[in-house]
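Me: I would like to go through the packing of this chain by question and answer. Please show the sequence and the structure first.

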Amino acid sequence: MARVTSAIAPAPRAELSAAEARRLALHAQGLIGAPDRRNGVEGVLRDLGEVQLDTISVLARSHELVPYARLGAVGREAVEKAYWNHEPHGASTFEYWAHAACILPVEQWPTFAYRRAHFRDRASGGWGMPTTREAEALVLGKLRDEGPCMTSDFGGARKSAEWWDWSDTKVAVEKLLATGDVVCVERRGWRRVYDLPERALPKNVLDAAEPTRGESHISLLALAGRRLGVGTIGDLADYYRLKIPDAKPLMAQTGLIPVTVRGWSQPAWADPAALELLAAGGPRGRHRTTLLSPFDSLIWERDRMERIFGMVHRIEAYTPAAKRVHGYFAMPLLAGGKLLGRVDPKREGKTLVARKVSLETAAAVQPMAEALREAAAWVGCESVAVEQVTPVGLAEPLRAALG
């Protein structure tokens, strides 16, 4: 008698509309509902998992703009205090290469042990910039003997006036930062302050078991799912800069739920808690109206930004001025859960100048005015001046809305 076998049908995939996916993304990023001020900026950092750093400062630096977008006019000193804590063995954050150069909660230190090992492995290309044992020994010796140091304490960051022409000790200290032999838990005047991990980081963090490379990848993919709400494998891998071929075999171990999103060409995975929230009729709450840093984790992956919000955005800071379409540091306008325009701001004394404003429709006029007024007050400006507006016909309505 022939034995009959039957295959177990896979669980059906949940299907989300594009609007539902957008709501989940906004909720996961803390941009729907009243802001929770109890945990302040530190709470925002832990909710997002990382905040990207960047040298450009127009309205403010990007790491300031991220909590501002979620909490409103939080004091800028409070932002810096939340990010940098250099009490011996008391650091609550550290700076490392995650999505890019990012501030991370200190409890994530063990998770990135595999990446530190990669930078330490010369056979794999490691740090990629030539350094010498003598320069590394000089850096470590000075830190041991004198305590926390900046590059100026090592003799300076550059060999010449060129920004890329690093000195031997600058190359060495940055390599040691990548390998974890040195840590940065503070910046002064935007300059890194370097220290030894055993002096700066909490003992329980240093003594924590280090997960394997695979375990770290699974953890980071799961965290990315929670912080994105829903995303393709490319979205999830990009959050912490993992490689897609490394991520694919691990997805079944992340606890994320396979879903399809109407209009998306690729399969996706969703955070189970986000799907439960959606099934219960959420997420609910008021949408934030704000200007976003181009390096905000809601939109830093440009393909995802276009897929979710329908906006194609490029940073034009390194584009010749005559060829810029939206401006040097155009900031997208978020309102009603959608991206309705963008503005290239600049502070001139007590005036916030909107050099180039691009609006999708006339419905964006009032939200843009609201966002500009709030941003101006936050950075201590007393007025807003509007220069170029596209389409031209919305220039006067915008100026009128600004009063």
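The turns below cover the nonpolar cores, the aromatic pairs, the charges over rings and one helix pair of this predicted model.

Me: Which residues touch the most other members of the largest nonpolar core?

Reply: This core holds 49 residues. Helix 10 (residues 213-228) gives the largest share of the core, 6 residues. The residues touching the most other members are Tyr83, Leu104, Leu236 and Tyr240.

Me: What does Leu236 touch, not counting residues up to four places away in sequence?

Reply: Contact here means heavy atoms within 4.5 Å. With residues up to four places away left out, Leu236 touches Leu221, Ala224, Gly225, Leu228, Gly231, Met251, Leu256 and Trp269.

Me: How many residues are in the second, separate core?

Reply: Met368, Ala369, Leu394 and Ala401 are included in a second core, separate from the largest one. The number of residues in this second core is 37.

Me: Is Ser92 buried or exposed?

Reply: Ser92 is placed in the loop between helix 4 (76-83) and strand 3 (93-97). Leaving aside neighbours within four places in sequence, Ser92 is in contact with Glu42, Arg46, Ala82, Asn85, Leu104, Pro105 and Val106. The relative accessible area of Ser92 is 15%. Buried means under 20%, so Ser92 is buried.

Me: Are the rings of Tyr68 and Trp378 stacked or tilted?

Reply: The count of aromatic pairs comes to 10. For Tyr68 and Trp378, the ring centres are 4.1 Å apart and the planes are at 10 degrees. Planes under 30 degrees apart count as stacked, so this pair is stacked.

Me: Where in the chain do Tyr68 and Trp378 lie?

Reply: Both residues are buried. The pair links distant parts of the chain, 310 residues apart. Tyr68 is in helix 3 (residues 62-71) and Trp378 in helix 15 (residues 365-378).

Me: Are the rings of Tyr239 and Trp300 stacked or tilted?

Reply: Tyr239 is in helix 11 (residues 233-239), and Trp300 is in the loop between strand 10 (290-291) and helix 14 (302-309), so the pair ties together parts 61 residues apart in sequence. Tyr239 is buried at 1% relative accessibility, and Trp300 is buried at 10%. Their ring centres are 5.2 Å apart. The planes are at 55 degrees, so the pair is tilted.

Me: Which residues do ring pairs link into a cluster?

Reply: Tyr239 and Trp300 are among the members of this cluster. The full set is Phe94, Tyr96, Trp109, Phe112, Tyr239, Tyr240 and Trp300.

Me: Which ring does the charged end of Arg288 sit over?

Reply: One charge over a ring is that of Arg61, whose charged end is 4.2 Å from the ring centre of Trp190. The charged end of Arg288 is 5.9 Å from the centre of the ring it sits over, that of Tyr68.

Me: Are helix 6 and helix 7 roughly parallel or roughly perpendicular to each other?

Reply: Ala135, Glu136, Leu138, Val139 and Leu140 in helix 6 meet Asp168, Thr169, Ala172, Val173, Lys175 and Leu176 in helix 7. The axes are 8 Å apart and the packing angle is about 75 degrees. Angles of 65 to 115 degrees count as roughly perpendicular, so the two helices are roughly perpendicular.

Me: Is Glu134 buried or exposed?

Reply: Glu134 belongs to helix 6 (residues 133-146). From C-alpha to C-alpha, Glu134 and Thr169 are 9.2 Å apart in space and 35 residues apart in sequence. The relative accessibility of Glu134 is 61%. Exposed means over 50%, so Glu134 is exposed.

Terms used. Residues are numbered from 1 along each chain as its sequence is written. This is a predicted model: local features need pLDDT of at least 70, side-chain atom pairs count only at pLDDT 80 or more; totals for chains, interfaces and linings use all residues. Side-chain values use heavy atoms; hydrogens and water are left out. Helices (H or I, at least four residues) and strands (E, at least two) are DSSP runs, numbered from the N terminus. Buried means under 20% relative accessible area, exposed over 50%, partly exposed in between (1.4 Å probe, protein chains only). A nonpolar core is a set of buried Ala, Val, Leu, Ile, Met, Phe, Trp, Tyr and Cys residues joined through side-chain atoms within 4.5 Å. Rings of Phe, Tyr and Trp (its six-membered ring) pair if their centres lie within 6.5 Å; planes under 30 degrees apart count as stacked, over 60 as edge-to-face and the rest as tilted. A charge sits over a ring if NZ of Lys or CZ of Arg is within 6 Å of the ring centre and within 35 degrees of the ring normal. Axes are lines fitted to C-alpha atoms, for helices over the stretch in contact, and angles run from 0 to 180 degrees between N-to-C directions. Angles under 35 degrees count as roughly parallel, over 145 as roughly antiparallel, 65 to 115 as roughly perpendicular and the rest as oblique.
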